[in-house]
Structure formats: structure tokens, C-alpha cells
Amino acid sequence: MTAGHPEGAPPGPAAPAAPASSAAPADGQDGPDAEAAGGLARLLVVGTGSVAAAHLPFWAGWLRGAHPHLATRFVLTRSAERFVTREALTAIGGAPVLRDRWPDEPQESAPHVDLAQWPQAVVVHPATFHCVARLALGLADTPVLLALQCTSAPVVIAPALPPGGAESPAYAEHLRRLAGRPGVTVVPPHPGRSTTSGRREAWAPAAFPEVVARAAREAARPRAAADGPRRPPAADGRPARGRQDRASATEEECT
């Protein structure tokens, strides 16, 4: 989920006016002011390897001030850590910052399960061309990729693309795949300056507040399957309830 080189950097946007600061609730609790983010109480933010990731501490501070009762977790890919540090995000955002890598030591719980089940919405900002491709192709070889393929929470993606990226036939095909996937929304990028050429020929991610607001709206939508995990389809396309239930005794320990 990394990018080959720095991608389009957005001009530094001005932060909306933040309300008076107040203590945030314990991680995972629904605060009384959650309606400030459209009723959203738990948000997972994934940053990938675009130079636009350097702006994440700014937006982490904005989240903390504008939505003090919104419980937020951040995940950085390996390539994102070339542009932003976990220390900066933790200090400014006051929220946990995880690395998108499998733990070296045994853990009591699987990180991808927690990342899939905890949030009410997920924002991928910025999302590199490489990240968009991996999501569209259904790849799941890191904890956050596996979580995004399995979560029932809405996933809102804000691409950051190099010059020519938006016109790429491969990118168009990835967008087509993602458009057909329930619960996934792609917010189009806008023209930005290329850090390589200096020209406005790259594509910067949509403004972070816009993406968060879209995630809140998507989370508020009534879902067709209100409760329970999604079940794999049978050969005729119908949920394989009987087969799933019979298999549960042997698969209940799988993660």
C-alpha cells in the first residue's frame, strides 16, 4: 500500500474555526457531541505514501478541536512514514497511531479484526494510486488492507495522484471496480502542484473536512443488512446460511 514516489501535494488549506476545546472521551466511547460530525463517534483514518500525508498532523489537530468527542484512530503505511511521523500525529492529534504491518510478537487479538470492527467509518486520506489499485483488486496482505476488505463500516477514499494518474486507463478500471462495491466511496481529487515538475499537473486529495463529512453521511445511511456480518454467497447468489452455520464449528477460531 505504498507509492513509488511522492505524489501531488495540495496547497495548504485553512482550517475551519474550532470550538472551545474540551476533554475527549475514552477511546471507543460515544461522546455527547458526536452529532458535530453527523452522529459519527468512531473514525479510523488511514494515511498512505503520498507527500500529502505531511498534512495529516494539521488535520489531526483540526479533528481534535472541531470534534473533541469524536474518537479517532490513525494508521500509517510504511511509505506514509516517509512524510509524517507517528510522534507528530500522536502529539498533535492526541489519538493512537498504528503502523500498517503485522506484529513481530504474538498478540492476544488480531489487529485486522479490531481495525475492521471498531470504526463507524473509515477515511483513507491520502490514498495513493498504489493504494487505490490494491483496494480495487481485493488485496489483503497488510492488517489495514485486510480490515478494509472485511469491514462493514463505510470506507471513503481520497486519492492523491501523480501527473497523468487521473487519465490512466488502469485508474479508470480501479474506479469502476470500487464503484460497484457496497460501502466504498471515492471522493475525486482536485488539481494540485507536482513536487517534481512544479506544475499544476498532479492531483491532490479532496479537503480532509469534506472527506470526513462524506464519511459521516455514509455512516448515517440506513443499511440493507442492518445487523450481522456479511455471508459469502452460494453458487446461486443467495447467502449460504446453512453452509456457513455448519462450518462455524470448525472455523470459529479463524481470524
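Start with strand 4, residues 121–127, and pick out P126, which lies in that strand. What you have open is a predicted model, so treat this as a walk through a prediction. Now show the backbone between H125 and P126: the peptide bond there is cis, with omega near -5 degrees.

**Into the core**

Keep strand 4 on screen, since it is one of the elements that supply at least two residues of the largest nonpolar core. How many residues does the largest nonpolar core have? It has 29, and among those with the most contacts inside it are L43, L63, F74, L76 and L89. Select W62 and F208 as well, because they belong to that best-connected group too. Next, colour the other elements that each give at least two residues to this core: strand 1 (42–47), helix 1, strand 2 (71–76), strand 5 (155–159) and helix 7. Which element gives the most to this core? That's helix 1, with 6 residues. As background, nonpolar side chains in soluble globular proteins tend to be buried together.

**The ring cluster**

Zoom in on helix 1, residues 56–66, and show W59 and W62 as sticks; they sit 3 residues apart, about one turn of the helix. Are these two buried or exposed? W59 is buried, with a relative accessible area of 4%, and W62 is buried too, at 9%; the cut-off for buried is under 20%.

Now bring up F208 next to W62. These two form an edge-to-face aromatic pair, 6.2 Å centre to centre with 90 degrees between the planes. W62 lies in helix 1 and F208 in helix 7 (residues 208–220), so this pair ties together parts that are 146 residues apart in sequence. Both W62 and F208 are buried.

Add F58 to the selection and you have the whole group: ring pairs link F58, W59, W62 and F208 into a cluster. Across the structure there are 5 aromatic pairs. One of them is W59 with W62, edge-to-face at 5.9 Å centre to centre and 90 degrees between the planes.

**A charge over a ring**

Select R73 and W118 next. R73 lies over the face of W118, at 4.1 Å from the ring centre.

**The closed space**

Time to switch on a cavity display. How many cavities of 30 Å³ or more does a search of the whole structure find? Just 1. The largest cavity holds about 50 Å³ of space. To find it, select L135, L148, Q149, V155, I157, L178, R181 and V184, which line it. Helix 5 (143–150) and strand 5 are the elements that give two or more residues to this lining. By class, the lining of the largest cavity divides into 6 nonpolar residues, 1 polar and 1 charged.

**An open pocket to finish**

Last stop: the second largest pocket, with a volume of about 330 Å³. Of the 17 residues that line it, select L98, R99, R101, Q107 and P111, the closest to its centre. Then colour strand 3 (97–99) and helix 3 (111–117), each of which supplies at least two residues of the lining of this pocket. What classes of residue are in the lining of the second largest pocket? You'll find 9 nonpolar, 2 polar and 6 charged residues there.

Technical notes: Residues numbered from 1 in each chain as written. Predicted model: local features only at pLDDT ≥ 70, side-chain atom pairs only at ≥ 80, totals over all residues. Heavy atoms only, no water. Helix = DSSP H or I, 4+ residues; strand = E, 2+ residues; numbered from the N terminus. 1 Å grid on protein atoms, 1.4 Å probe; cavity = no way out; pocket = protein on both sides within 12 Å on 5 of 7 lines; lining within 4 Å. Points joined across faces, edges and corners; volume = space filled by probe spheres on them. Nonpolar A, V, L, I, M, F, W, Y, C, P; charged D, E, K, R; others polar. Phe/Tyr/Trp six-rings, centres within 6.5 Å; stacked < 30°, edge-to-face > 60°. Buried < 20%, exposed > 50% of the residue type's maximum accessible area, 1.4 Å probe, protein only. Lys NZ or Arg CZ within 6 Å of the ring centre and 35° of its normal. Core = buried A, V, L, I, M, F, W, Y, C linked by side-chain atoms within 4.5 Å.
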